[in-house]
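I sat down with this model to look up its charged pairs, its strands and its core. Here is my notebook, kept short for a colleague at the bench.

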Amino acid sequence: MNRRTTALSAAVALAASLALTGCSSDSDKPELKVSGAFMPQPVMDMAGGFLTVTNDGGAADKLTSVTSSLSDDVTIHETKNQKMVQVKSFDIPANGELKLERGGNHIMFMELKKKPKQGEKVSIELHFEKSGPIKVEVPVEAANHNPQQH
């Protein structure tokens, strides 16, 4: 009887430690979600894209690229000293966010295959260093649209 109780106790302890390990390793991964996406209606053959990536996970990640059927040339840019500079990636801190907004970091769509109109949606896919890709339907807003900062 004693041996069975010991074996059962060991099995319960092992199961509990595996369950706890599972929980802690989940928080050691990025947990990304996208909000506030929009594209001002393009007036030329290029467009900007803006959105926020929130990371509720315990590990940082990086936005490494964006793809879209709207353009074969989609890049990510930061704005420094009022100049756009293409970058290879943007950091998304653990328990933090990456804001792509007017006048700051943003997505650039060059040589548009078509000009989307206000009210339409543009499909994009965000690619990350650690997380799987996220597909986003980006609403096209008025050319002068700028959401109020909170």
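The entries below go from ground rules to salt bridges, strands, two single residues and the core.

**Entry 1: ground rules**

I am working with a predicted model, in which local features need pLDDT of at least 70 and side-chain atom pairs count only at pLDDT 80 or more, while totals for chains, interfaces and linings use all residues. Residues are numbered from 1 along each chain as its sequence is written, and side-chain values use heavy atoms, with hydrogens and water left out.

**Entry 2: salt bridges**

I began with charge, since side chains of opposite charge can pair when their charged atoms come close. My rule for a salt bridge was a side-chain nitrogen of Lys or Arg within 4 Å of a carboxyl oxygen of Asp or Glu. How many salt bridges does this rule give? The count is seven, and I looked up three of them.

One of them joins Asp-91 and Lys-62, with N to O at 2.5 Å. Asp-91 sits in strand S6 (residues 90–92) and Lys-62 in strand S3 (residues 61–68), so this pair ties together parts that are 29 residues apart in sequence. For the strand labels I relied on DSSP runs numbered from the N terminus, a strand being E over at least two residues. I also checked accessibility, where buried means under 20% relative accessible area, exposed over 50%, and partly exposed in between (1.4 Å probe, protein chains only). Lys-62 comes out partly exposed at 25%.

Next I found Lys-113 bridged to Asp-72, the closest N and O atoms being 3.0 Å apart. Lys-113 is in the loop between strand S8 (106–110) and strand S9 (121–128), and Asp-72 is in the loop between S3 and strand S4 (73–80), so the pair ties together parts that are 41 residues apart in sequence. Both Lys-113 and Asp-72 are exposed.

The third pair I looked up is Glu-125 with Lys-135, at 2.5 Å between the closest N and O atoms. Glu-125 belongs to strand S9 and Lys-135 to strand S10 (residues 134–141), ten residues apart. Are these two residues buried or exposed? Glu-125 counts as buried at 18% relative accessibility, whereas Lys-135 is exposed at 69%.

**Entry 3: strands and their faces**

In a regular strand the side chains alternate between the two faces of the sheet, and I wanted to see that here. Along strand S7 (residues 96–100), Gly-96, Leu-98 and Leu-100 point to one face and are buried, while Glu-97 and Lys-99 point to the other and are not buried. In S10, Ile-134, Val-136, Val-138 and Val-140 take the buried face. On the other face of S10 are Lys-135, Glu-137, Pro-139 and Glu-141, which are not buried.

Then I asked which strands pair, meaning that DSSP finds at least two bridges between them. Strand S2 (residues 47–55) and S7 run antiparallel and are joined by five bridges, with Val-53 opposite Leu-98. Strand S1 (residues 32–40) runs parallel to S10 through two bridges, and Pro-40 stands opposite Glu-141 there. S9 and S10 are antiparallel with six bridges, one partner pair being Leu-126 and Ile-134. A hairpin through five residues joins S9 to S10.

**Entry 4: back to Glu-125**

I returned to Glu-125 for its neighbours, taking contact as heavy atoms within 4.5 Å. Leaving out residues up to four places away in sequence, Glu-125 touches Ser-65, Val-66, Thr-67, Pro-133, Ile-134 and Lys-135. The C-alpha atoms of Glu-125 and Ser-68 are separated by 6.4 Å, although the two are 57 residues apart along the chain.

I also noted polar contacts (a pair of N or O atoms within 3.5 Å; within protein, one must be able to donate a hydrogen and the other to accept it, and residues adjacent in sequence count only if both atoms are side-chain atoms). The Glu-125 side chain makes one with the side chain of His-127 at 3.4 Å.

**Entry 5: Asn-55**

Asn-55 lies in strand S2 and is buried at 0% relative accessibility. Its side chain reaches the backbone nitrogen of Gly-57 at 2.8 Å. Beyond four places in sequence, the contacts of Asn-55 include Pro-30, Asp-61, Ile-92 and Gly-96.

**Entry 6: the core**

Last came the nonpolar core, a set of buried Ala, Val, Leu, Ile, Met, Phe, Trp, Tyr and Cys residues joined through side-chain atoms within 4.5 Å. Which members of the largest core touch the most other members? Of its 27 residues, they are Leu-63, Ile-107, Phe-109, Ile-124 and Leu-126. I followed up Phe-109, whose contacts include Met-39, Met-46, Leu-70, Val-74 and Ile-124.

Key. Helix = DSSP H or I, 4+ residues; strand = E, 2+ residues; numbered from the N terminus.
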